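Work through the exercises below with the structure open. Each task is followed by a solution in short steps.

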Amino acid sequence: MSTGNSDWRFRWRTATDRLATGLAVLATAVVVAPLVAIFIYLVYKGARSLNVAFFTQLPKPPGEVGGGMANAMLGSAILLALASVIGVPIGIGGGIFLAEFGRGTKLANAIRFTADVLNGVPSIVMGVAVYALIIKPKIPWLPFTGHFSAFSGGVALGIMMIPTVCRTTEEMLLMVPHSIREAALGLGAPNWKSVLSITVRTASPGIITGCMLAFARVAGETAPLIFTAFGNAFWSTNLQRPIAALPLQIYIYALSPYDDWRRQAWAGSLVLIVLIVLAVSLVRYVASRGVLKGAS
Amino acid sequence: MGVGIEVSNLNAWYGSNHTLQDINLNIPANHATALIGPSGCGKSTFVRCINRMHETNPIARVSGTVRIGELDIYHDATPVEIRRRVGMVFQRPNPFPTMSIYDNVAAGLKLNGYSNRRALDDVVERSLKDSALWDEVKDDLKKKSGASLSGGQQQRLCIARALAVDPEVLLMDEPASALDPVSTSKIEDLIFELKTQYTIVIVTHNMQQAARVAEKTGFFLNGRMVEFDSTHKIFTNPSDKRTEDYITGRFG
């Protein structure tokens with residue numbers, strides 16, 4: 001082979017390699033750019049309104065300057081805790097059923113289809129549905145019915161978490177190599193035990209990621225809360241009563257005619273994003289502390 | 001202590017594919033028995049019938065009897081009971097990736113509800129010593145994942161994991177085929193040690209390996225067992241023409 005020919009080929013390969021790498025970098029930049037842009041804009045618009053009062057005080061009456069969103073932060077924390085308590089176990093349980101016990105059955109296919117449809121239900125519809133199921137009917141002996149409440153808001157968010165958690169859990173379990181399951185069965189583990197203590201454990205990093213995705217998604221939801229948690233200008237930790245939430249407060253403030261409220265809406269958005277990032281990082285940190293050297 | 005395995009009229013299917021046809025053989029206790037034959041001849045299916053792993057595939061079926069010691073495994077026991085008595089080492093090392101070395105070895109006992117710490121420590125140490133891995137990992141037992149070890153170490157870890165539940169029979173499905181020569185020779189040395197305590201059945205593509213480690217060898221072809229005899233006889237003076245063709249490299 002002549003040197004000139006191979007030299008030409010080498011340059012061609014180098015060029016295509018650079019092109020492919022360049023395109024990948026460009027795609028990454030396009031993905032990251034909106035996030036960075038949003039964050040910078042939020043800091044620019046919201047940072048000025050951030051002060052101690054914002055984190056410690058209740059909202060002021062309309063038109064008055066000052067006050068804060070402390071109750072909304074607490075409310076969001078309560079709503080998200082409630083949503084996670086509902087959404088995570090049901091979602092993971094459903095995912096385990098889909099991937100392990102019900103694989104190939106009609107029931108599993110029906111559940112998978114339902115989860116996918118549920119995932120596509122607009123969040124406002126979820127709010128209306130929970131309103132119709134819990135708030136509209138007034139049943140004296142059934143708690144939480146008949147009025148707006150923190151509980152119903154948590155239910156709405158929790159239901160929204162289920163499909164994401166369920167489908168990610170299923171995908172992650174299906175990625176566990178068959179050889180790992182065989183190893184567990186070969187040790188004399190009954191199937192259910194091999195699934196719960198080996199397969200789920202092997203897939204747990206991915207399952208945690210799925211839960212975090214679902215959590216981050218519902219943390220910013222406003223629509224499902226309008227008809228359920230309703231919002232509250234005062235301190236409340238009572239699950240029976242309406243409760244404030246950051247996205248709701250941002251929604252109300254952003255649409256208000258008062259300049260100070262609109263500034264606080266920007267600050268609230270900034271705080272919401274930072275809190276979500278902190279919560280997700282915290283869970284990742286806690287989860288990664290148990291990971292061993294060289295674990296894949 | 002190992003026990004003998006008595007197989008009579010064993011047939012196995014995958015769907016409509018008749019993978020094992022009328023297998024009859026007696027595997028002696030506390031010896032290594034090698035199974036050789038070309039790919040797809042049914043030798044892996046055969047060992048998977050001995051610990052009832054074959055039936056974990058939904059389209060698989062089995063008929064015939066397999067006795068491990070006195071126990072008729074298809075009629076008098078559940079798969080779970082059998083697999084506690086019959087350990088298995090697979091072709092590719094498959095340690096549990098999220099578990100430490102210690103937890104990998106203790107996994108079998110823990111899965112069976114065993115949790116006494118002191119006793120677990122003892123079993124883990126004994127199993128790792130038996131699998132000749134102890135000296136290499138004793139300082140990292142709980143720090144390193146099983147997946148962080150080299151391929152050969154992982155396979156010895158898998159052997160330790162199988163030994164920890166104190167089986168009577170150890171099935172090895174091409175345990176060294178994914179390993180380099182040094183790791184392979186360590187595994188073979190290990191088989192030599194282990195057969196004093198366990199009955200070992202080893203599937204291998206490597207005929208020298210069969211000749212080195214096993215007292216008895218069976219030759220499988222197209223789902224049937226063509227010949228089963230002492231390893232020496234199989235490799236020096238086989239009775240069947242097909243065995244001779246295979247070991248002299250004329251096919252397969």
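**Exercise 1. Helix H10 against helix H11 in chain A**

Task: Determine the handedness of the crossing of H10(A) and H11(A), then describe their packing.

Solution.
- Step 1. H10(A) and H11(A) cross in a left-handed sense. This is a predicted model.
- Step 2. Locate the partners: H10 covers residues 246–254 of chain A, and H11 covers residues 259–289.
- Step 3. Take the geometry. The two axes come within 8 Å and cross at roughly 155°.
- Step 4. Apply the cut-off. Angles over 145 degrees count as roughly antiparallel. H10(A) and H11(A) are therefore roughly antiparallel to each other.
- Step 5. List the contact residues. H10(A) contributes A:Leu246, A:Pro247, A:Gln249, A:Ile250, A:Tyr253 and A:Ala254. From H11(A) come A:Trp261, A:Arg262, A:Gln264, A:Ala265, A:Gly268, A:Ser269, A:Val271 and A:Leu272.
- Step 6. Sort them by type. The contact holds 9 nonpolar, 4 polar and 1 charged residues.

**Exercise 2. Helix H7 against helix H8 in chain A**

Task: Find the angle at which H7(A) and H8(A) pack, and name the residues in the contact.

Solution.
- Step 1. The packing angle is about 150°, and the axes lie 10 Å apart.
- Step 2. Angles over 145 degrees count as roughly antiparallel, so H7(A) and H8(A) are roughly antiparallel to each other.
- Step 3. The crossing of H7(A) and H8(A) is right-handed.
- Step 4. On the H7(A) side the contact uses A:Ile180, A:Arg181, A:Ala184 and A:Leu185. On the H8(A) side it uses A:Ser194, A:Ile198, A:Thr199 and A:Thr202.
- Step 5. By type, the contact of H7(A) with H8(A) has 4 nonpolar, 3 polar and 1 charged residues.

**Exercise 3. The side of chain A that touches chain B**

Task: How many residues of each chain are in contact, and which helix of chain A gives the most?

Solution.
- Step 1. Count the contact: 22 residues of chain A meet 25 residues of chain B.
- Step 2. Find the contributing helices. H7 (178–186) and H8 (191–219) of chain A each supply at least two residues to this side.
- Step 3. Rank them. H7(A) gives the most, with 7 residues.
- Step 4. Classify the side of chain A that touches chain B: 10 residues are nonpolar, 8 polar and 4 charged.

**Exercise 4. The overall form of each chain**

Task: Decide for chain A and for chain B whether the radius of gyration fits the globule rule.

Solution.
- Step 1. Start with the elements. Chain A has 11 helices and 0 strands. Its radius of gyration is 24 Å, well over the 19 Å that the globule rule gives for 296 residues, so chain A is more spread out than a compact globule.
- Step 2. Check the dimensions. The C-alpha atoms of chain A fill a box of roughly 85 × 55 × 35 Å along the principal axes.
- Step 3. Turn to chain B, with 10 helices and 10 strands. Its radius of gyration is 18 Å, close to the 18 Å from the globule rule for 252 residues, so chain B is as compact as a globular protein of that length.
- Step 4. The C-alpha trace of chain B spans about 55 × 40 × 30 Å along its principal axes.
- Step 5. Look at burial. In chain A, 38% of the 296 residues count as buried. In chain B, 50% of the 252 residues do.
- Step 6. Look at contact range. Among contacts with a separation of 6 or more, residues 24 or more positions apart account for 72% in chain A and 71% in chain B.

**Exercise 5. Positive phi in chain B**

Task: Where do B:Glu174 and B:Asn222 lie, and is each buried or partly exposed?

Solution.
- Step 1. B:Glu174 has phi near 45°, a positive value in a residue other than glycine.
- Step 2. B:Glu174 sits in the loop between strand S7 (169–173) and helix H7 (181–194) of chain B.
- Step 3. B:Glu174 has 21 C-beta neighbours inside 10 Å, so it counts as buried.
- Step 4. B:Asn222 is not a glycine either, yet has a positive phi of about 50°.
- Step 5. B:Asn222 is in the loop between strand S9 (216–221) and strand S10 (224–230) of chain B.
- Step 6. With 14 other C-beta atoms within 10 Å, B:Asn222 is partly exposed.

**Exercise 6. A loop residue in chain A**

Task: Place A:Lys138 and find its contacts beyond four places in sequence.

Solution.
- Step 1. A:Lys138 lies in the loop between helix H5 (123–135) and helix H6 (150–174) of chain A.
- Step 2. A:Lys138 has 9 other C-beta atoms within 10 Å, so it is exposed.
- Step 3. Leaving aside neighbours within four places in sequence, A:Lys138 is in contact with A:Thr145 and A:Gly146.
- Step 4. Relate A:Lys138 to A:Ile250: the two are 112 residues apart in sequence and 30 Å apart in space, C-alpha to C-alpha.

Technical notes
Residues are numbered from 1 along each chain as its sequence is written. Chains are lettered from A and ligands numbered from 1 in the order in which they are written. This is a predicted model: local features need pLDDT of at least 70, side-chain atom pairs count only at pLDDT 80 or more; totals for chains, interfaces and linings use all residues. Two residues are in contact if their C-beta atoms, placed from the backbone, lie within 7 Å. Ala, Val, Leu, Ile, Met, Phe, Trp, Tyr, Cys and Pro count as nonpolar, Asp, Glu, Lys and Arg as charged, and the others, Gly among them, as polar. Axes are lines fitted to C-alpha atoms, for helices over the stretch in contact, and angles run from 0 to 180 degrees between N-to-C directions. Angles under 35 degrees count as roughly parallel, over 145 as roughly antiparallel, 65 to 115 as roughly perpendicular and the rest as oblique. A crossing is left-handed if the near helix is turned anticlockwise from the far one by less than a right angle, and right-handed if clockwise. The radius of gyration is taken over C-alpha atoms; the globule rule is 2.2 Å times the number of residues to the power 0.38. A residue is buried if 20 or more other C-beta atoms lie within 10 Å of its own, exposed if 12 or fewer, and partly exposed in between; C-beta atoms are placed from the backbone.
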